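Student: Please take a close look with me at one part of this structure, the surroundings of one DNA strand, and then connect that part to the rest in one continuous account.

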Number of protein chains: 2
Amino acid sequence: MYTYYSFGAFLMEIENILGYLLNTSARLIKHDMEKQLSDFKITTAQWAVLKLLDSWGELTQTEIADKLKSDKATIGSIVTRLRKKDLIVKRLSIKDSRANMICMTEQSKIMVKQIEKLARRTSLNALVGFNKEEKDRLIQALQRIIHNLDEAGNQ
Amino acid sequence: MYTYYSFGAFLMEIENILGYLLNTSARLIKHDMEKQLSDFKITTAQWAVLKLLDSWGELTQTEIADKLKSDKATIGSIVTRLRKKDLIVKRLSIKDSRANMICMTEQSKIMVKQIEKLARRTSLNALVGFNKEEKDRLIQALQRIIHNLDEAGNQ
DNA sequence: CACATACAATATGTATACATACTATTCATT
DNA sequence: AATGAATAGTATGTATACATATTGTATGTG
């Protein structure tokens with residue numbers, strides 16, 4: 001049986017520190033997902049942008065950065081790579097000539113639907129042995145952490 | 001009041017997908033921690049290596065990579081940077097002349113103790129509003145995820 | 001001992017992630 | 001209308017993160 005460690009433990013080793021645990025689980029799940037995505041020649045970061053566009057329709061790069069809690073520079077380079085693969089199109093905004101509207105292509109609309117299943121499978125791999133209540137509690141805890149840190153960061 | 005979303009929701013938007021939530025919370029907590037670490041001219045990845053050495057004593061780069069669930073190339077470059085800052089020393093292993101033992105310096109031993117408090121503060125920032133039970137459940141959930149994915153990845 | 005295999009570390013290349021600086025454009029206010 | 005502040009996006013540089021290939025060393029087996 002696998003042994004768990006408490007957060008309140010006196011001995012605070014790296015393996016028990018929240019930031020390390022979040023970072024490690026995030027890297028491992030990303031790795032699992034990218035293994036599944038390899039056929040699509042796309043990364044998780046690129047997929048997240050497409051998934052967001054699929055929900056919201058066309059967005060500017062700054063809007064994408066805000067919604068994904070990322071930054072303009074990072075989204076800029078992801079958009080460049082998506083465009084090279086013809087998965088998005090940039091259209092100069094009519095309202096604001098500084099801004100580009102990022103739009104999905106037919107190809108990426110189809111791709112996003114196909115990837116949906118893979119994302120669910122990766123979540124299941126990560127959550128083996130979790131019951132519904134445990135899953136829900138985890139998702140809510142992560143949303144609370146993001147809320148806490150996002151608030152603090154935007155002061 | 002902030003609204004939470006359930007993992008079992010029919011509409012699976014990017015904001016509710018486990019991998020995205022882990023990745024985002026990991027990035028935000030890393031960002032918070034690195035803000036606090038700025039005086040030490042060190043990153044969280046570099047700190048994790050020092051923290052591990054502080055617990056285990058001298059280790060090879062491969063051992064560090066295994067324990068942090070990272071890889072040799074990544075640890076190699078972190079070790080190079082730590083060495084430039086005189087925070088670690090590389091000693092050729094007596095047993096195995098392919099390997100280097102990575103050892104802390106006096107400077108990094110002191111530094112690690114000072115950083116301990118900052119790590120706790122960052123965890124508190126992230127976990128505002130969590131009670132002890134919620135914190136413990138989260139830590140255990142993350143350790144289970146790492147266990148699940150690490151098992152799967154090492155097949 | 002010889003040899004195939006495994007392993008430690010390095011080298012190279014791509015993709016985030018993010019700080020900082022810069023350009024072009026827009027907006028607010030006078 | 002003029003102008004100073006804010007904003008959208010790009011450019012540059014550093015640091016992971018990781019795949020893949022290479023080099024040198026160790027080890028197990030015949």
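Tutor: Around DNA strand C there are 25 residues (those whose C-beta atom, placed from the backbone, lies within 6 Å of the strand), and A:Ala45, A:Ser97, B:Gln61, B:Arg98 and B:Ala99 come nearest. This is a predicted model, in which local features need pLDDT of at least 70 and side-chain atom pairs count only at pLDDT 80 or more, while totals for chains, interfaces and linings use all residues. Residues are numbered from 1 along each chain as its sequence is written, and chains are lettered from A and ligands numbered from 1 in the order in which they are written.

The elements that each supply at least two residues of the surface near DNA strand C are helix 2 (44-56) and helix 4 (72-84) of chain A, together with helix 1 (18-37), helix 3 (61-67) and helix 4 (72-84) of chain B. Helices and strands here are DSSP runs numbered from the N terminus (helices H or I, at least four residues; strands E, at least two). Helix 4 of chain A provides the largest share of this surface, five residues. By class, the surface near DNA strand C has five nonpolar, 13 polar and seven charged residues, where Ala, Val, Leu, Ile, Met, Phe, Trp, Tyr, Cys and Pro count as nonpolar, Asp, Glu, Lys and Arg as charged, and the others, Gly among them, as polar.

Around DNA strand D there are 26 residues, of which A:Gln61, A:Ala99, B:Ala45, B:Ala73 and B:Ser97 come nearest. Two or more residues of the surface near DNA strand D come from each of helix 1, helix 3 (61-67) and helix 4 of chain A, and from each of helix 2 (44-56) and helix 4 of chain B. The largest share near DNA strand D, five residues, belongs to helix 4 of chain B, and the classes there are five nonpolar, 13 polar and eight charged residues.

The two protein chains can be related to one another as well: a rotation of 180° with 0.0 Å of shift along its axis superposes chain A on chain B with an RMSD of 0.0 Å (a least-squares fit on the C-alpha atoms of residues with pLDDT of at least 70 in both copies). That is the relation of a two-fold axis.

The contact between the chains takes 60 residues from chain A and 60 residues from chain B, two residues being in contact if their C-beta atoms, placed from the backbone, lie within 7 Å. On the side of chain A that touches chain B, helix 1 (18-37), helix 2, helix 5 (106-126) and helix 6 (132-153) each give two or more residues, and helix 6 gives the most, with 20 residues. This side of chain A has 28 nonpolar, 19 polar and 13 charged residues. Because 100% of the interface residues of chain A are also interface residues in chain B, the copies meet through the same surface.

Chain A itself comes to six helices and two strands, in the order α-α-α-α-β-β-α-α from the N terminus on, and its C-alpha trace spans about 60 × 40 × 25 Å along its principal axes. Leaving aside neighbours within four places in sequence, A:Val49 is in contact with A:Ile64, A:Ile75, A:Ile78 and A:Leu82.
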